[in-house]
Amino acid sequence: SPEAAAIMAAHNVLVAYFPAQTAVLDQRRDASLALIPDGQAKIDGIGVGMAAAAAMVANRTNDGSSPPIFHMPTNSDPYEWQVYPGCPAGGGAFKHWQNVRPFAIDSASQFRSGPPPALWTGMYAHDFNELQAVGSLNSPNRPQHRTDVVRLYAIYNPPALWNSALLQIASTRNDEITDTARTMALMNMAVSDGAVANLETKYFYRT
């Protein structure tokens, strides 16, 4: 039963990372499994799901996602990122994420973005002026559609946003559960690797 396998794989991975929610997750698991007829297919599916979960948790053990590391500026030179009100107490967050072992890309620096525009360039002046014009909370010159985009990304972190979109699309299709699971896995691997590369660029330039 691929459904039983999916239920157990999801449950055991979630319990491994969110043990405080074990009771709720156990209830969800039991309710989902109750919808599947008893029999050897269900038993085998449960076993496959448990094995898949154990393999994934083992694969990501010591993957660099912990302990958290925060960035503090080493000087107050122009162009050097500075701590600001509302920043986490430890400084810039997720500095350690550049050390997370990627799923598919070769390294965190493989797709490092080019440097930001230099302080003395017209491009920097253009970007700075744009920030002054539309970057504050109540900028009167900012078009509504740009405000809407900012609010969307402020409310949803990227994994939640893209998983929500994928679930909406999947609900309109009649794909096999294995196809949907593979699509979700590939998308989340890409989102994860994107975050690794993004944070590597961010703290390489510290701007």
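Me: Let's start with Arg-146: how exposed or buried is Arg-146?

Reply: Happy to help! Keep in mind that this is a predicted model. A residue counts as buried under 20% relative accessible area and as exposed over 50%, with partly exposed in between. Arg-146 has a relative accessible area of 34%, so Arg-146 is partly exposed.

Me: Which residue does the side chain of Arg-146 meet in a salt bridge?

Reply: First the general idea: side chains of opposite charge can pair when their charged atoms come close. Here, Arg-146 pairs with Glu-130, at 3.2 Å from N to O. This salt bridge links distant parts of the chain, since Arg-146 belongs to helix α5 (residues 144–155) and Glu-130 to helix α4, 16 residues apart. Glu-130 is partly exposed too, with a relative accessible area of 32%.

Me: How many salt bridges does the structure hold?

Reply: There are 8 salt bridges. One of them joins Glu-80 to Arg-206, with the closest N and O atoms 3.0 Å apart.

Me: Why does the pair of Glu-80 and Arg-206 tie together parts of the structure?

Reply: Look at where each partner sits. Glu-80 is in the loop between α3 and α4 (122–134), while Arg-206 is in the segment after α7 (177–205), so the pair ties together parts that are 126 residues apart in sequence.

Me: Is Glu-80 buried or exposed?

Reply: Glu-80 is buried, its relative accessible area being 11%. Its partner Arg-206 counts as partly exposed, at 30% relative accessibility.

Me: What other salt bridges could I look at?

Reply: Try Asp-175 and Arg-173, whose closest N and O atoms are 2.7 Å apart. Asp-175 is partly exposed, with a relative accessible area of 35%. You can also look at Asp-26, Arg-29 and Asp-30, which a network of salt bridges links.

Me: Now for helices: how do I read the way α1 and α3 cross?

Reply: Two packed helices are described by the angle between their axes and the distance between the axes. For helix α1 (residues 2–17) and helix α3 (residues 40–59), the axes come within 7 Å and cross at roughly 35°. The crossing of α1 past α3 is right-handed.

Me: Which residues of α1 and α3 meet?

Reply: On the α1 side, they include Ala-5, Met-8, Ala-9 and Val-13. Among the residues they meet in α3 are Gly-45, Ile-46, Gly-49 and Ala-53.

Me: How do the residues of this contact divide into nonpolar, polar and charged?

Reply: The contact of α1 with α3 has 13 nonpolar residues, 3 polar and 1 charged.

Technical notes
Residues are numbered from 1 along each chain as its sequence is written. This is a predicted model: local features need pLDDT of at least 70, side-chain atom pairs count only at pLDDT 80 or more; totals for chains, interfaces and linings use all residues. Side-chain values use heavy atoms; hydrogens and water are left out. Axes are lines fitted to C-alpha atoms, for helices over the stretch in contact, and angles run from 0 to 180 degrees between N-to-C directions. Helices (H or I, at least four residues) and strands (E, at least two) are DSSP runs, numbered from the N terminus. A crossing is left-handed if the near helix is turned anticlockwise from the far one by less than a right angle, and right-handed if clockwise. Contact means heavy atoms within 4.5 Å. Ala, Val, Leu, Ile, Met, Phe, Trp, Tyr, Cys and Pro count as nonpolar, Asp, Glu, Lys and Arg as charged, and the others, Gly among them, as polar. A salt bridge is a side-chain nitrogen of Lys or Arg within 4 Å of a carboxyl oxygen of Asp or Glu. Buried means under 20% relative accessible area, exposed over 50%, partly exposed in between (1.4 Å probe, protein chains only).
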